[in-house]
Amino acid sequence: MSELTRLCADELRATLAEVRSRYETFAQRGLKLNLTRGKPSAEQLDLSNELLCLPGAGDYSVGALDCRNYGDLQGLADLRTLLAPVFGVSPECVVLGDNSSLALMHDAIVYSLLKGTCDSERPWSKEPGIAFLCAVPGYDRHFSICQELGIEMISVPLHEDGPDMDVVEQRVAEDARIKGMWCVPKYSNPSGAVYSNSTVDRLAKMKTAAPDFRLFWDNAYAVHHLGAEAVEIANIGEACARHGHPNRAFIFGSTSKVTFAGAGVALFASSPANVRWYLARMEKRTIGGDKLNQLRHLRLLHNVGGIAALMDRHRAILAPKFAKVQAVFAELLGGTGVAKWTQPKGGYFISLDVLPGTAREVVKLAKQAGVELTPAGATHPYGQDPEDRTIRIAPSFPDLAEVGPAAEGVAICVLLAALEKLAG
């Protein structure tokens with residue numbers, strides 16, 4: 001299809017009529033397809049079904065530690081040793097949680113609000129209206145935490161190599177209210193952006209007006225590669241220490257998209273001072289995590305030859321789905337001038353930018369035609385995309401046979417919404 005923005009009025013009307021007919025034909029198929037959340041498919045979850053038999057009736061001890069009982073607040077040392085290199089930290093600086101890293105992020109903010117960090121003069125809640133920087137497009141659940149807890153969100157543009165550091169550096173240097181920044185440094189949700197070494201270094205060394213500023217480093221997709229290349233990023237903890245800010249980074253991760261999404265193991269990692277601070281808060285909340293779940297993960301990941309081997313099997317399932325979306329978008333939207341999309345090297349999402357002012361209409365049209373999408377605006381704080389153009393595409397959950405039709409439906413809706421807007 002030729003570039004739609006260059007069509008004359010008669011050509012626009014004719015093309016609009018054609019696309020409307022295609023939309024109606026697609027809608028009449030009565031499909032029920034879902035591209036909303038980045039959930040692993042049942043086929044992916046099956047890869048870890050051995051967990052259902054682990055650790056086994058007689059296997060509940062690690063050395064002298066009985067995993068059935070209370071205690072060991074920090075989590076099994078052997079599992080911390082296994083997971084620490086994945087996130088570029090040392091085992092003694094890891095705290096294991098239950099299945100959700102999002103819960104650990106939420107706790108870290110609540111602890112900071114109620115008690116302050118180890119570098120705070122007072123609890124954050126006693127400060128006059130704190131704020132977080134939010135790279136956009138970004139992760140809606142990060143934004144939901146801030147909104148729930150009354151933290152102002154300040155948007156910063158996200159580029160292929162990370163957030164716009166000129167904007168970030170200016171903001172944090174001028175405004176002591178800015179206490180934190182959300183970061184998904186590898187295969188960012190939803191664009192797939194990867195922070196460059198320069199970006200990581202600038203985040204680590206920048207001057208901040210708030211002495212207790214924290215990077216909320218959500219490395220959710222550390223091992224979630226879609227191609228043969230395993231993209232690596234600079235070590236944020238080492239960079240912060242090198243520049244004299246050892247406590248700046250709160251690092252989060254989990255096995256949620258490695259093993260079972262609803263029954264993985266999450267982790268918090270940081271400097272020794274931050275770990276002591278976190279454990280001091282955590283011990284008032286729990287007597288210890290689910291050590292039996294930690295033990296079964298230790299047994300599984302060791303038995304199958306490690307995390308990398310398991311992730312190769314995930315990639316074999318995921319990569320064809322992403323390739324199918326890319327192929328359909330290229331066929332139906334390529335050259336039209338009304339859409340562009342990312343081609344991530346890892347992670348769980350594709351970010352689709354449509355003609356400004358049409359994203360909400362695309363989502364509405366798609367739903368009416370049987371394709372469920374994440375609400376337009378979800379990629380921005382407060383659910384408000386000022387340009388109304390960004391849509392998150394999550395192809396992981398549907399079967400491969402469903403991904404092509406779902407992408408086709410989205411593309412037709414993009415064309416229809418754009419043509420209707422251009423035609424006035």
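## Two helices that cross

In this predicted model, helices H12 and H13 are oblique to each other. The reason is the angle: their axes cross at roughly 130 degrees, and an angle counts as oblique because it falls outside the ranges for roughly parallel, antiparallel or perpendicular. H12 covers residues 359-368, and H13 covers residues 400-422. Their axes come within 9 Å. The crossing of H12 past H13 is right-handed.

Which residues make the contact? H12 supplies Glu-361, Val-362, Leu-365 and Ala-366. H13 supplies Val-410, Cys-413, Val-414, Leu-416, Ala-417 and Glu-420. Eight of these contact residues are nonpolar, two are charged and none is polar.

## An open sheet

Strands of a sheet pair through backbone hydrogen bonds, either parallel or antiparallel. Here eight strands build an open sheet with mixed pairing. Their order is E4-E11-E10-E9-E8-E5-E6-E7. E4 (94-96) and E7 (162-163) stand at the edges. Each has a single partner strand, so one side of each has no neighbour in the sheet.

Take one pair inside this order. E10 (residues 249-254) and E11 (residues 266-269) are antiparallel, joined over four bridges. Ile-251 stands opposite Ala-269 of E11.

## Helices on the sheet

Helix H4 (residues 101-115) lies across five strands: E5 (131-136), E8 (178-183), E9 (214-218), E10 and E11. H4 runs at about 155 degrees to E10.

Helix H7 (residues 197-205) also packs on the sheet. H7 touches E7, E8 and E9. The direction of H7 makes about 145 degrees with that of E9.

Key: Residues numbered from 1 in each chain as written. Predicted model: local features only at pLDDT ≥ 70, side-chain atom pairs only at ≥ 80, totals over all residues. Heavy atoms only, no water. Axes fitted to C-alpha atoms, helices over the stretch in contact; angles between N-to-C directions. Helix = DSSP H or I, 4+ residues; strand = E, 2+ residues; numbered from the N terminus. Parallel < 35°, antiparallel > 145°, perpendicular 65-115°, else oblique. Left-handed = near helix turned anticlockwise from the far one by under 90°. Contact = heavy atoms within 4.5 Å. Nonpolar A, V, L, I, M, F, W, Y, C, P; charged D, E, K, R; others polar. Pairing = 2+ DSSP bridges.
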